[in-house]
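Reader: I have a structure to study and would like to talk through its strands and loops. Can we go step by step?

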Amino acid sequence: QAQLVESGGGLVQAGGSVTLSCIVTGRAFNAMGWSRQAPGKERENVAAISTTGKTTYYADSVKGRFTISRDNAKKTVYLQMNSLKPEDTAVYYCAARESHLPTITGTYDAWGQGTQVTVSS
């Protein structure tokens with residue numbers, strides 16, 4: 001059975017940077033993404049990447065600050081987060097889908113367990 005395992009979260013000061021990683025074990029997926037959920041808020045998709053890595057999408061809230069990438073040989077997806085703000089504090093989830101098409105607004109087929117990112121002011 002496929003598993004998505006995130007790592008790299010933690011506590012960081014505002015303006016700092018963090019890189020999250022997601023390793024996929026078991027079956028392979030195609031398009032991947034990252035979403036986040038802050039306390040009391042709905043889950044928000046923040047970044048998505050196509051199977052080849054050539055196409056990426058970002059939510060307006062993170063555009064220009066976050067970068068999604070993938071290494072298919074390592075079955076790993078990354079989320080580089082720069083210029084972090086306190087409002088970026090959330091549990092970040094790795095997501096995968098059968099489709100090759102990345103999406104910010106669509107649905108995903110599998111999720112990781114999440115990793116906490118806390119940005120202090």
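Author: Questions and answers on strand pairing and two loop residues follow.

Reader: Is this model predicted or experimental, and how many bridges join strand 1 to strand 3?

Author: The model is predicted. Strand 1 covers residues 3-7, and strand 3 covers residues 18-25. The two run antiparallel, and the number of bridges joining them is 5.

Reader: Which residue in strand 3 is the bridge partner of Gln3?

Author: Gln3 falls within residues 3-7, the span of strand 1. Its partner sits in strand 3. That partner is Thr25.

Reader: How many bridges join strand 3 to strand 8?

Author: Strand 8 spans residues 76-81. It runs antiparallel to strand 3. The bridges between them number 6.

Reader: Which residue in strand 8 is the bridge partner of Cys22?

Author: Strand 3 covers residues 18-25, so Cys22 belongs to that run. Its partner lies in strand 8. The partner is Val77.

Reader: Is Lys75 buried, partly exposed or exposed?

Author: Lys75 lies in the loop between strand 7 (66-71) and strand 8. Its phi is positive, near 50°, and the residue is not a glycine. Buried means under 20% and exposed means over 50%. Lys75 has 43% relative accessibility, so it counts as partly exposed.

Reader: What is the phi of Ser83, and where is this residue found?

Author: Ser83 is not a glycine, yet its phi is positive, at about 50°. At 41% relative accessibility, Ser83 counts as partly exposed. Its place is the loop between strand 8 and strand 9 (90-96).

Definitions and conventions: Residues numbered from 1 in each chain as written. Predicted model: local features only at pLDDT ≥ 70, side-chain atom pairs only at ≥ 80, totals over all residues. Heavy atoms only, no water. Pairing = 2+ DSSP bridges. Helix = DSSP H or I, 4+ residues; strand = E, 2+ residues; numbered from the N terminus. Buried < 20%, exposed > 50% of the residue type's maximum accessible area, 1.4 Å probe, protein only.
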